[in-house]
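Student: I would like to learn how to read the features of a structure like this one, step by step. Could we go through the packing and the side-chain links together?

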Amino acid sequence: MQPRDRASAFDHADAIRRCARGDKGALRQLYEQEAGAMLGVAMRILRRRELAEEAVQDCFVQVWRRAASFDATRGAGRAWLFTILRNRALNILRDGSREETTGADLLADEPDDRPSPESIVVLLDETSRLRRCLEQLEPLRRNGLVLAYTRGLSHGEVASELKVPLGTAKSWIRRAFLQVRECMQ
């Protein structure tokens, strides 16, 4: 069984509901199922392993504490987990007290082995509402939204990545977000 198959067969929503009832085994199952992928996402956002590990740990603490707030009618359990992780990683990024200064030339030499926005969408479960909503967007707008939310890029960074003016990137991200939100309801 491929890792993708294993992730789609695992019932994230059920495990989260069991966490809400105090089932520590369910939290362990979620951790075993997703910690590796979550660490990869956090690494792409934070670029430092110790900060990425901290984000993953904090995410699972939040999952344990907030499991009762999960609502399966608003989205998939796996998406809920990764949203918590993304928010935690972005909070760590915004807290500049832990950053090490890195020369721009060092970052420029780093190979970009991150998945493309298109491949991120493809990784979503084929039956997920989020994937269907994202696929309805015009490709460049979808890419802008995916870059902003999965890599934590600013509007300026998205504009640079997509080679469009800043105002264009801002409007694409905003409109795409509103379209996805409308579609998800």
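Tutor: What follows is a reading of the cores, one helix, the disulfide, an aromatic pair and some salt bridges, and the model is a predicted one.

Student: How should I read the nonpolar core, and which residues have the most contacts inside the largest one?

Tutor: The general idea is that in soluble globular proteins, nonpolar side chains tend to be buried together. In this model the largest nonpolar core has 32 residues, and those with the most contacts inside it are Leu30, Met38, Val63, Leu81 and Leu85. The elements giving two or more residues to this core are helix H2 (12-20), helix H3 (24-46), helix H4 (49-66) and helix H5 (77-94), and H3 gives the most, with ten residues. To see one of its members in detail, take Val63, which, leaving aside neighbours within four places in sequence, is in contact with Leu27, Leu30, Trp80, Leu81 and Ile84. Apart from this core lies another, of 17 residues, among them Cys133, Ala159, Leu162 and Val180.

Student: How do I read a helix such as H5, and which elements do its buried residues pack against?

Tutor: An α-helix has 3.6 residues a turn, so residues three or four places apart point the same way. Helix H5 has 18 residues and reaches 26 Å from its first C-alpha to its last, close to the 26 Å expected at 1.5 Å a residue. Among its buried residues are Gly77, Trp80, Leu81, Ile84 and Leu85, and also Arg86. The buried residues of H5 pack against H2, H3, H4 and H9.

Student: What about a polar residue in H9 such as Asn143: is Asn143 buried or exposed?

Tutor: Here the cut-off matters, because a residue counts as buried under 20% relative accessible area. Asn143, whose place is in helix H9 (residues 139-150), is buried, with a relative accessible area of 7%. Not counting residues up to four places away in sequence, Asn143 touches Pro117, Glu118 and Leu162.

Student: How many disulfides does a search of the whole structure find, and how should I describe such a link?

Tutor: One reads the sulfur distance, the rotation about the bond, and the places in the chain that are joined. The search finds one disulfide, which joins Cys133 to Cys183 with an S to S distance of 2.0 Å, and with -80° about the S-S bond this link is left-handed. The pair links distant parts of the chain, Cys133 being in helix H8 (residues 129-135) and Cys183 in helix H11 (residues 166-184), 50 residues apart. Cys133 counts as buried at 2% relative accessibility, whereas Cys183 is partly exposed, with a relative accessible area of 25%. Cysteines elsewhere can be read by accessibility too: Cys19 is buried at 2%, and Cys59 is buried at 0%.

Student: Why is the pair of Tyr149 and Phe177 called stacked?

Tutor: A pair of aromatic rings is described by the distance of the centres and the angle of the planes. The structure holds three aromatic pairs. The rings of Tyr149 and Phe177 have their centres 6.1 Å apart and their planes at 5°, so this pair is stacked. Because Tyr149 lies in helix H9 and Phe177 in helix H11, the pair ties together parts that are 28 residues apart in sequence. Tyr149 is partly exposed, with a relative accessible area of 34%, and Phe177 is partly exposed as well, at 29%.

Student: How many salt bridges does the search find, and where do Arg78 and Glu34 lie?

Tutor: For each bridge, consider the N to O distance together with the places of the partners. The search finds seven salt bridges. In one of these, the side chains of Arg78 and Glu34 meet at 2.8 Å, N to O, linking helix H5, which holds Arg78, with helix H3, which holds Glu34, across 44 residues. Arg78 is partly exposed, with a relative accessible area of 28%, whereas Glu34 is buried at 1%.

Student: Which residues form salt bridges with Arg88?

Tutor: Glu54 meets Arg88 in a salt bridge at 3.7 Å, N to O, and Asp58 forms one with Arg88 whose closest N and O atoms are 2.7 Å apart. Arg88 lies in helix H5 and Asp58 in helix H4, 30 residues apart.

Methods: Residues numbered from 1 in each chain as written. Predicted model: local features only at pLDDT ≥ 70, side-chain atom pairs only at ≥ 80, totals over all residues. Heavy atoms only, no water. Helix = DSSP H or I, 4+ residues; strand = E, 2+ residues; numbered from the N terminus. Buried < 20%, exposed > 50% of the residue type's maximum accessible area, 1.4 Å probe, protein only. Contact = heavy atoms within 4.5 Å. Core = buried A, V, L, I, M, F, W, Y, C linked by side-chain atoms within 4.5 Å. Disulfide = S-S within 2.5 Å. Expected span 1.5 Å × (residues − 1). Phe/Tyr/Trp six-rings, centres within 6.5 Å; stacked < 30°, edge-to-face > 60°. Salt bridge = Lys/Arg side-chain N within 4 Å of Asp/Glu carboxyl O.
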